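Here are my notes on the model you sent over, as numbered points. Have the structure open while you read, since I jump around a bit.

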Amino acid sequence: MEEKHTICRLCSALCPIVVHLENGRIISAEREAGPAVEEDYFCPKLKAAPDIVYSADRIKTPLIKEQEKGKANWKEASWRQALDIIAEKLDFFRTTYGAESVCWMRGMAADWGAPWDYAIRFMNAFGSPNTIGNGAVCHVAREMAHFLTYGVMSYPDYKNSQCIVVWGKNDRDCNPQGYESILYAKERGAKLIVVDPIETTLTSLADIWLQIRPGCDGLLAMSMIDVIISESLYDKDFVGAWTVGFDELKEAVGAYAPERVAQEMWLDVEKIRESARLYATTKPACIVDGNGLDMHVNVFQNTRSVCMLRALTGSVDKKGGDLLPKAIPTEDIQLNERFPNDIKPISFRYPLFNRFHKTRGDHVLSSVVDAIVEEDPYPIKALIIQASNPVVTMANSKRLLRALEKLEFIVVIDLFMTRTAKHAHIILPTTTCFEKTQLNLGSMSRNHVTLQDQVIDCVGNTWPDSKITFELAKRMGYENEFPWDTVEEAIDYQLTPSGITVESLRKNHHGIDYEETRYEKYRNSGFPTQSGKVELYSETLREHGYPPIPTFDEDGKNSPSFHNQKADFPLVGISGARPNSFVHSQFRNIPSLLEQEPEPFVDIHPKDAETRDIMDGDSVKVATPNGRITMKARVSSVVHPGSVRIAWGWGEYNADFNINDLTDDEMRDPITSTPSNRCFMCNVVKEVKTG
Ligand SMILES: Nc1nc2c(c(=O)[nH]1)N[C@H]1C(S)=C(S)[C@@H](COP(=O)(O)OP(=O)(O)OC[C@H]3O[C@@H](n4cnc5c(=O)[nH]c(N)nc54)[C@H](O)[C@@H]3O)O[C@H]1N2
Ligand SMILES: Nc1nc2c(c(=O)[nH]1)N[C@H]1C(S)=C(S)[C@@H](COP(=O)(O)OP(=O)(O)OC[C@H]3O[C@@H](n4cnc5c(=O)[nH]c(N)nc54)[C@H](O)[C@@H]3O)O[C@H]1N2
Ligand code: SF4
Ligand SMILES: [Mo]
């Protein structure tokens, strides 16, 4: 049996793995050891790797849709045929409507890794500013809040920490390396505070669990800041020397004293005070924030308030605190010097967010649907969808479906015939992570480069995402912009300034740190913000007409989307857990994974179930002002009374289970455009069987 090392990319946790092969086929794969902890994490998705890679459902050759007697018929095609048609169409749209009428949209699976860089490069060569990712609901909106506070996104130094605050993150099921690090720190005496509206494995390990009302995280952070300032628990030396706006913040937080806001958040006054004291007086301490803060219409201000806690306690860039990483120097492979600055991007209403970072790209995902449906600011006519299943994953799926139906041309790059792929005119079949070599940019902003290395040949006639983009570019005549024959050449070019090469990465399969970890770097160079200090008050936000200090009013745009709860929709719906067997809409077609969690549930508190005469296992209707779905009820006290958790990602398996039929994309974070995929007002009623 042969062994090969690579990085798993079945989800975004990027675990180093070893793959066992026989005659060039994957037999099994396992994670390489994380930090030594008592509980070793088991990943069912990785165990199912051979089932995923060799699934009979894989699309194995390009497909072109033909209409026969009003019925769609998929015809197998060669790559040459498929790419020639796409190149011809793209030329047509550019000459007829302008290059901006073509949009390239990507989902989570493409990472901020090379496929994303190459897509942006392609679109810059083509002349369209509309390459749009899903970061408004995943990570990037949160990241901008860190940027506008201390200039870069911090990450927790769990292993050296004595107090860890886990804020809206469930590493137990989503990020094993993080989970193992938390266990490691706990075994060495670290305190654990968890902010989560739902009971999880992590909340049961916590010293304090704050079962917050969803979306109220900014209120809680401001409330903790009020305690820390009024009880004089902040790091006065750090705050005096390294922050701007302390007096303004101090004045603002008075409105959020625990006694005033605890009830609004479903929390206990004393528990808030106790958490603030424990966090501020245990050194070193770190906070990790997660997707529990994303997907809210106030994600930006919520996250910024949490960032301020890190600054007030002087934890930023301290050993055991919140590290401020330096990005690895790379060549700009996105060809940004060719970005068409003279064309308004469809995301123009979010001018701070749409290009806040030099390589993250544009993530105003809702603007794609606006542009198609409302033709605002102009119509998008053709869409390339890469690594995404928006019919299931975008808020307000019905509106998205209307948009797809209106488009003149859709290309989908995926592995499976998803509900989204069915709307395509051409499907380009790509590979799993085991069949391609690519960089994982996620870690590169943290001084670390790893290579996801190809361990088997491509299955059938599939191509890696990189090859698809390179070959399409060549069909369009962009040989100069895409001079590489192999992805290795492109990676080496991108990494030139760092001196790291594909060859050196293959010798170091755990990756390479560009430089040694250094703490408190700001003492030499300041913070990478406009003022060189941590910005509790942000002049940049003020200049753009946004609150320079976070504010939370109950009725304004800044509030969670279930405020003003209507009598018909008295419950708070929470988009459900990410079980470790599935990734979003993926993998329910893999029998060995489906059998671990065969059906979706709505978790409802016994009190709410009783008033609705709902018993465990009853079929229930969940309704919002936007739509309704049906699932089985699970009566459970993991949720707070007044809220229900609705299983996430099942809309691919069965359209009737699509939680995004319930969500709304009209209310958005005014700064980052983020709709509330996470929580919404709803009601749950027992389904009455007729007949
Ligand atoms: N198995 C698996 N792993 C995955 C994924 C997957 O689909 N499946 N997806 C990947 C992706 S793209 C992402 S973005 C990450 C996400 O991973 P995480 O960042 O861990 O996010 P979630 O698991 O969505 O939610 C984290 C916790 O936030 C809580 N939460 C919900 N609403 C709120 C709120 O309003 N406030 C607070 N404080 N907490 C709240 C949830 O109950 C949950 O326990 O996981 C990645 N890893
Ligand atoms: N209501 C609600 N909405 C949500 C969320 C939620 O929790 N609740 N989560 C949000 C979050 S955090 C995210 S990240 C998004 C995720 O949204 P999507 O990115 O749309 O999520 P997936 O369902 O994982 O779809 C990924 C698709 O890419 C394909 N794929 C897998 N690997 C590759 C690859 O290497 N290349 C290509 N080209 N395709 C590949 C898969 O087959 C799948 O069809 O959903 C968001 N929407
Ligand atoms: S958690 Fe599992 S699926 Fe995700 S990267 Fe790690 S091994 Fe792969
Ligand atoms: Mo995500």
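1. Let me start in a loop. P377 sits in the stretch between α15 (366-373) and β15 (382-386). Keep in mind throughout that this is a predicted model. The peptide bond joining D376 and P377 is cis, with omega at about 5°.

2. Stay in that loop for a moment, because E375 also lies between α15 and β15, and the backbone there deserves a look. E375 is not a glycine, yet has a positive phi of about 55°. Is E375 buried or exposed? Neither, quite: its relative accessibility is 38%, so E375 counts as partly exposed, given that buried means under 20% and exposed means over 50%.

3. There is another cis peptide bond to check, this one between K283 and P284, with omega at about -10°. Where is P284? You'll find P284 in the loop that runs between α13 (269-281) and β13 (285-289).

4. M295 is another residue with a positive phi, about 60°, despite not being a glycine. Look for M295 in the loop between β13 and α14 (299-312). With a relative accessibility of 8%, M295 falls under the 20% cut-off and so counts as buried.

5. Now the ligand. Which residues come nearest to ligand 1? Of the 29 residues around ligand 1, the nearest are N170, D196, D217, R578 and F582. By type, the shell around ligand 1 splits into 11 nonpolar, 11 polar and 7 charged residues. Domain 2 (154-324) and domain 3 (563-686) each supply at least three residues to the shell around ligand 1.

6. If you want specific contacts to click on, here are some. A polar backbone atom of N170 is 2.6 Å from an oxygen atom of ligand 1. At P579, a polar backbone atom lies 3.1 Å from a nitrogen atom of ligand 1. R678 uses its side chain instead: an N or O atom there is 2.8 Å from an oxygen atom of ligand 1. How much of ligand 1 does the protein cover? On its own, ligand 1 has 910 Å² of accessible area, and the protein covers 94% of that.

7. Next, H563, which is found in the loop between α23 (539-543) and β23 (571-575). H563 has 12% relative accessibility, so this residue counts as buried. If you feel like drawing a distance, try H563 to V165: they are 398 residues apart along the chain, and their C-alpha atoms are separated by 27 Å.

8. Finally, the whole chain. The count is 25 helices and 28 strands. Why call the chain as compact as a globular protein of its length? Its radius of gyration is 25 Å, close to the 26 Å that the globule rule gives for 691 residues, so the description fits. Along its principal axes, the C-alpha trace spans about 75 × 70 × 55 Å. Of the 691 residues in the chain, 64% are buried.

Technical notes:
Residues are numbered from 1 along each chain as its sequence is written. Chains are lettered from A and ligands numbered from 1 in the order in which they are written. This is a predicted model: local features need pLDDT of at least 70, side-chain atom pairs count only at pLDDT 80 or more; totals for chains, interfaces and linings use all residues. Side-chain values use heavy atoms; hydrogens and water are left out. A residue is near a molecule or strand if one of its heavy atoms lies within 4 Å of it. A polar contact is a pair of N or O atoms within 3.5 Å; within protein, one must be able to donate a hydrogen and the other to accept it, and residues adjacent in sequence count only if both atoms are side-chain atoms. Accessible areas come from the Shrake-Rupley method with a 1.4 Å probe; for residues, only the protein chains shown count as cover. Ala, Val, Leu, Ile, Met, Phe, Trp, Tyr, Cys and Pro count as nonpolar, Asp, Glu, Lys and Arg as charged, and the others, Gly among them, as polar. Domain bounds come from an automatic or database domain assignment. Helices (H or I, at least four residues) and strands (E, at least two) are DSSP runs, numbered from the N terminus. The radius of gyration is taken over C-alpha atoms; the globule rule is 2.2 Å times the number of residues to the power 0.38. Buried means under 20% relative accessible area, exposed over 50%, partly exposed in between (1.4 Å probe, protein chains only).
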